[in-house]
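Okay everyone, thanks for coming. Let me put the structure up on the screen, and then we'll walk through it bit by bit.

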Amino acid sequence: MPLFMDIHRNITGVTPAEIAEAHNADLAAQGSYHVKYLRWWFNNELGSIYCLVEAPSADAAMKVHEQAHGLLPDEIIPIELGAANDLLGPDEHGPAVREDHRISTDTAFRTIVFTDLEDSTPLTERLGDDAYVELLRIHDDLMANCLDANSGLHVKHMGDGLMASFVSVAKAVQCMIEMQRALAEHNAARPEARLLARMGAAAGEPVSRGDDLFGAAVNLAARLCHHAEPRQIMVAGVVRDLCMGKTFSFSDQGELELKGFGEPVRAYEVNWQA
């Protein structure tokens with residue numbers, strides 16, 4: 001049966017005991033909908049609650065919450081168990097997942113990352129075509145090493161950048177940090193041939209077609225990358241939320257008006273410079 005994670009945001013004045021009580025109410029109501037709520041996490045700093053649930057559909061999970069206590073999540077996303085534990089980490093709250101719980105080894109949920117080099121025309125004119133092609137090879141090697149180290153999948157080249165996907169949100173953020181640091185090291189060694197990249201990431205359930213990915217998460221990641229300044233990493237709010245418990249530092253960039261999105265999008269900058 002599919003797994004989902006529901007996300008409750010902007011929760012204030014609640015205690016772990018009260019969340020546990022709501023979880024127990026879910027357990028009492030779930031049988032009518034063939035749903036199994038497995039465990040939950042609470043990030044007091046962010047005011048967010050995350051519930052891992054096995055359900056025939058997101059709608060079925062929503063109905064359990066509605067019947068049990070009426071506290072409906074802001075978002076429900078498909079997820080894979082290993083990714084949930086990796087993203088959110090172990091937590092003393094909530095029951096442990098059964099050891100014999102069998103799930104698919106893949107998931108529709110992905111974190112999408114875009115990178116884009118700053119305007120390459122002046123650099124090409126200064127270095128010449130051959131030297132610039134060699135510089136791009138160095139760039140590609142640096143990016144590939146970071147992807148390999150963080151289990152990222154290279155989807156395709158995008159001009160002077162790339163598109164990649166990750167099962168783990170945390171590894172996607174770590175990969176972008178390592179990419180920026182690798183470029184910074186290159187720039188320190190070769191200031192005459194600096195490579196400055198902007199990066200963006202979003203998470204969701206993209207649509208696959210062949211080896212390519214499409215959908216709202218892909219579009220949002222691309223827009224955030226385009227909005228970022230060189231050397232900046234911009235991520236969607238869900239990426240920041242799913243990195244709870246990790247050591248990353250984020251700066252709130254407010255709500256952005258992005259082309260193709262009818263409502264403002266909350267964005268965060270990843271603070272990657274030590």
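So, let's begin with the cysteines: the count of disulfides here comes to zero. Keep in mind that this is a predicted model. Why is there no bond at Cys 175? Well, the closest cysteine sulfur to its own belongs to Cys 146, and that one is 5.5 Å away, which is too far for a bond. A disulfide would need the two sulfur atoms within 2.5 Å. Cys 175 is also buried, with a relative accessible area of 1%. Cys 51 counts as buried too, at 7% relative accessibility.

Next, have a look at helix H2, which covers residues 58–68. Which of its residues are buried? They are Ala 60, Ala 61, Val 64 and His 65. These four sit on the same side of H2, because the arc they cover around the axis is only 145°. And what covers them? Among the elements doing that are strands S1, S2, S3 and S4, along with helix H1. Once you get past H2, you come to Gly 70, and its phi is positive, near 80°.

Since S1 just came up, let's stay there for a moment. That strand runs over residues 3–8, and Met 5 is part of it. Is Met 5 buried or exposed? It's buried, with a relative accessible area of 0%. Now find Trp 40: along the chain, Met 5 and Trp 40 are 35 residues apart, yet their C-alpha atoms are separated by 9.2 Å.

Now let's jump further along the chain, to strand S13, residues 265–270. Which strands pair with S13? One of them is S11, residues 233–236, which is antiparallel to S13 and joined to it over three bridges. In that pairing, Ala 236 has Ala 267 as its bridge partner. Another is S12, residues 250–256, also antiparallel to S13, and here five bridges join the two. If you want a spot to click on, Leu 256 is bridged to Val 265 in S13.

Last stop, the aromatic rings. How many aromatic pairs does the count come to? One. That pair is Phe 248 with Phe 250, and the arrangement is edge-to-face. In case that's new to you, a pair of aromatic rings is described by the distance of the centres and the angle of the planes. For Phe 248 and Phe 250 that's 6.4 Å centre to centre, with 80° between the planes. Both of these Phe residues are buried.

Methods:
Residues numbered from 1 in each chain as written. Predicted model: local features only at pLDDT ≥ 70, side-chain atom pairs only at ≥ 80, totals over all residues. Heavy atoms only, no water. Buried < 20%, exposed > 50% of the residue type's maximum accessible area, 1.4 Å probe, protein only. Pairing = 2+ DSSP bridges. Phe/Tyr/Trp six-rings, centres within 6.5 Å; stacked < 30°, edge-to-face > 60°. Arc of directions from axis to C-beta. Contact = heavy atoms within 4.5 Å.
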